[in-house]
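These are my notes from a session of looking things up in one structure. I put down what I searched for and what came back.

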Amino acid sequence: MAAQRRACGPPAEEMLRECARDVVAVAEGIREVSARTSSVLFAPALTGSARRHPRTGLAARWALLRTLTNKQGLGGSAIVAPDGVGHLLGAAGEALGRESLAALVAVTSLRLRIAAVLLDHPEFGHDPGMRRLTDAVTADRDPEAVRALRALFKDQGAQRSLSALAPVLAELLAIRGLLDEDPLSDETAWALAAGRELTTGPVKGLDGSHLSGTGQGEGAAQAVELSAEEARSIATDGSFLGFLRNIDALAGDGRVLVQEVRGPDGVLRYVVQVPGTAPGRPRDDSLQDFAGAWRNLFLTDSPYTRSILLAIRHHGIPRGADLALVGHGEGGTALLNLAQDDDFCRAYRVTHVVAVGAQADDRRPADPRTWVAGITNRHDIVPVLDGPGAPHPNRYRVDYTGPTREFPGCHLLRVYIDHLETVIPQARADVDRALAPYRGPVERTRAYRLGDRARPPEGYPFLAVPTTSRATSAGPVELPVRYYDSSAAHLCFPVDTDVARSLLPDVTWLVPARLGRRALAVLSVYEHRCTTIGPYTELGLSVLVDDLWRPRAYDLAADLLRRADLRRTGRYVVSLAVGTQEARAVAEEVWAQPAVRGDADVDLRGRDVRVHAPELGVSVEGRPGPGARCPEADWVFYGRRGESVVRTLVRAHGKQRVHARPRLRLRLDGAHGPLARHLQILELDAVRPGFVLSSPRFVAHRSAGAVLPR
């Protein structure tokens, strides 16, 4: 069987990744040729020659200039020159719509990488960030693709939704470098994309002189106390799994741990333990999120790395002390960055670096004696493994195949811990053997919360609200749920009042609100690209209802003049289909809304509305038509739990428009499930909506449901 696999060659996804790496190398070569050509063009010797011999000198300079700016040559914006003339020419090239040849070639590499990711993980085809990126790079012509990517990189909301695409981070770095106007940024991004060491921008100066003023944020670290429950769960003896369990216990809220361990030889040593990230989860108070990873682009000198360094300084570790660094995911990457810094390694003796679920092959510690271990699950796409590094006596690598390939589950640290106990126990034993000097009692434990003083929280000030944690069957969630980057379209249908009443619970006091002689049913379509419960899509059918206690004829009109928290009417959610299990659990258990799991491909950012949900048999296509600005889309939702009503308040901020003559059509093709059944009962596929409310982009927060005695 093994011989048969070798005869068939490597897997298709590996071949695509190899081709992508080759194409990146070609694009890098073109970029270097552009830089050398530009340097020659503006070299003093050639300038002087052109003045002395204008006939030949000017002809030579003109040929070089045409090579740099002609669209059949190196393009119009790949200008790197020591003075302002080159930048001026590059800006002129961009104004003329020309794209550098290197950028066009790099887009091809990105296409190959995306194809490899989708081949290995087809479920990523439904990810909003991957879909937006795919749309950008599959434009009809390469120049249009490059321009779409440039717009995407400048789009802060897009950066949040693209931040979870770690499998294509290398190509994103390369292309962003080419599209950047700063040549130094180009070189930095290219070095990262090519897997080379950075020679500029390391974490400098333990006196803090280089810890600020870089434009990336200062970074911060503050000592915090552990709760009594957390303190009981922290390991009291040094061991590999003990350190990983410590990280897992503190993961998710921006804290790192420093422990002092008395080794078997009586020497006091120090272990820094850094968690990774939760996919799709932005953090208001921490750098440990994928938004931060995208913002910092994993640069060696990043706010995250500087914050960890500040925590080490605050702990008071003496110079020359033995130090072990243990991290997961992005935390492992940041620790490897520290181990690469000469000043840091002169201040402390970094004996071990252990990175779980992080790429370690291309990182070379400043101290050649440092033992580096990397443990990765082949199904985990976050490490972005590009093949084994060069053999090294102090390098230990385990790249294993876990029993499940579902992402992001295969990246979770608790899954790695379980695999180290059951799937790869030999790796656990090997790392424990290497960490033998740290196998002893823990004498002191201290936690530090990391932050970034140079930027406000995500969504500030609208989303800067008090939060609380609540347990659900899918894990704890923070309430209110915050939506950092979403789009929505609300299709409003006048329907028969009696038919709408038949969809509501069988109680006399819950009645549809009337618009004349008709009730109003609303089919809401959401694309949530970045939320505190992860990205997901949402299709919901609701019916407007009157005040639950004293319904009045004109309550609906009067409520339009009231603040959302004072409204008496609301929308009773009849059925809901959401794209993730986490969203389903929150909808049912927190908001008491009947929800099912159902994937949908939703695109609400352009002029057309496109919704395709094959699993649900529901699709919406068409154009909302001309619209006018209207007030913010705050809503009150009602759900039913037992003998009570649950009221949920949604506050939104964004530019909403009302479209009075929409050209949208709802289709039910082989529809099944509660959402489709209710749409069929209302016969919404036979008519067009009376009007549509659209929000191409908004932020929002949904409160916890308030239980009403009704």
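By contact I mean heavy atoms within 4.5 Å. The model I worked from is predicted.

**Entry: S239**

I started with S239, which sits in the loop between α12 (228-233) and α13 (240-250). I looked up its contacts, leaving aside neighbours within four places in sequence, and got D432 and R439. I then checked its side chain and found a polar atom 3.0 Å from the backbone nitrogen of G242. Is S239 buried or exposed? Its relative accessibility is 19%, and the cut-off for buried is under 20%, so I entered S239 as buried.

**Entry: strand β3**

Next I went to strand β3, residues 268-274. I looked up burial along the strand: 6 of its 7 residues are buried, so β3 is largely enclosed by the rest of the structure.

Which strands pair with β3, and in what sense? Strand β2 (residues 255-262) pairs with β3 in the antiparallel sense, over 6 bridges. Strand β4 (residues 322-328) pairs with β3 in the parallel sense, over 5 bridges. I noted one bridge from each pairing. On the β2 side, V258 has V272 of β3 as its bridge partner. On the β4 side, V271 is bridged to A324.

I also looked at the connection between β2 and β3. The two strands form a hairpin, with 5 residues between them. In that turn, G266 has a positive phi of about 85°.

**Entry: salt bridges**

I searched the whole structure for salt bridges and got 26. I wrote up several, including one that involves β3.

R269 forms a salt bridge with D322, and their closest N and O atoms are 3.1 Å apart. R269 belongs to strand β3 and D322 to strand β4, so the pair ties together parts 53 residues apart in sequence. I checked burial for this pair, and both R269 and D322 are buried. I then asked which residues are linked in a network with R269 and D322. The network of salt bridges is made up of D265, R269, D322 and R349.

The next pair I opened was D547 and R568, whose side chains meet in a salt bridge at 3.8 Å, N to O. This pair links distant parts of the chain, 21 residues apart. D547 is in the loop between β14 (536-545) and α21 (555-559), and R568 is in the loop between α21 and β15 (570-578). D547 has 7% relative accessibility and counts as buried, whereas R568, at 40%, counts as partly exposed.

I also recorded R563 and D565, with a salt bridge of 2.8 Å between N and O of their side chains. D565 counts as partly exposed, at 32% relative accessibility.

**Entry: backbone geometry**

Most residues other than glycine have a negative phi, and most peptide bonds are trans. I went through the backbone with that in mind and noted three places.

The peptide bond from L479 to P480 is cis, with omega near 0°. I placed P480 in the loop between β10 (477-479) and β11 (481-496).

A592 is not a glycine, yet its phi is positive, near 55°. I found A592 in the loop between α22 (581-589) and β16 (595-597). Its relative accessible area is 6%, so A592 is buried.

E683 is not a glycine either, and it has a positive phi of about 55°. The loop that holds E683 runs between α23 (674-682) and β25 (691-702). At 53% relative accessibility, E683 counts as exposed.

**Entry: helices α18 and α19**

My last look-up was a helix pair. At what angle do the axes of helix α18 and helix α19 cross? The axes of α18 (residues 413-422) and α19 (residues 425-434) cross at roughly 95° and come within 5 Å. An angle of 65 to 115 degrees counts as roughly perpendicular, so I logged α18 as roughly perpendicular to α19. I then listed the residues that make the contact. From α18 they are H419, L420, E421 and T422. From α19 they are P425, A427 and R428.

Terms used. Residues numbered from 1 in each chain as written. Predicted model: local features only at pLDDT ≥ 70, side-chain atom pairs only at ≥ 80, totals over all residues. Heavy atoms only, no water. Buried < 20%, exposed > 50% of the residue type's maximum accessible area, 1.4 Å probe, protein only. Helix = DSSP H or I, 4+ residues; strand = E, 2+ residues; numbered from the N terminus. Pairing = 2+ DSSP bridges. Salt bridge = Lys/Arg side-chain N within 4 Å of Asp/Glu carboxyl O. Polar contact = N/O pair within 3.5 Å; in protein donor to acceptor, adjacent residues only side chain to side chain. Axes fitted to C-alpha atoms, helices over the stretch in contact; angles between N-to-C directions. Parallel < 35°, antiparallel > 145°, perpendicular 65-115°, else oblique.
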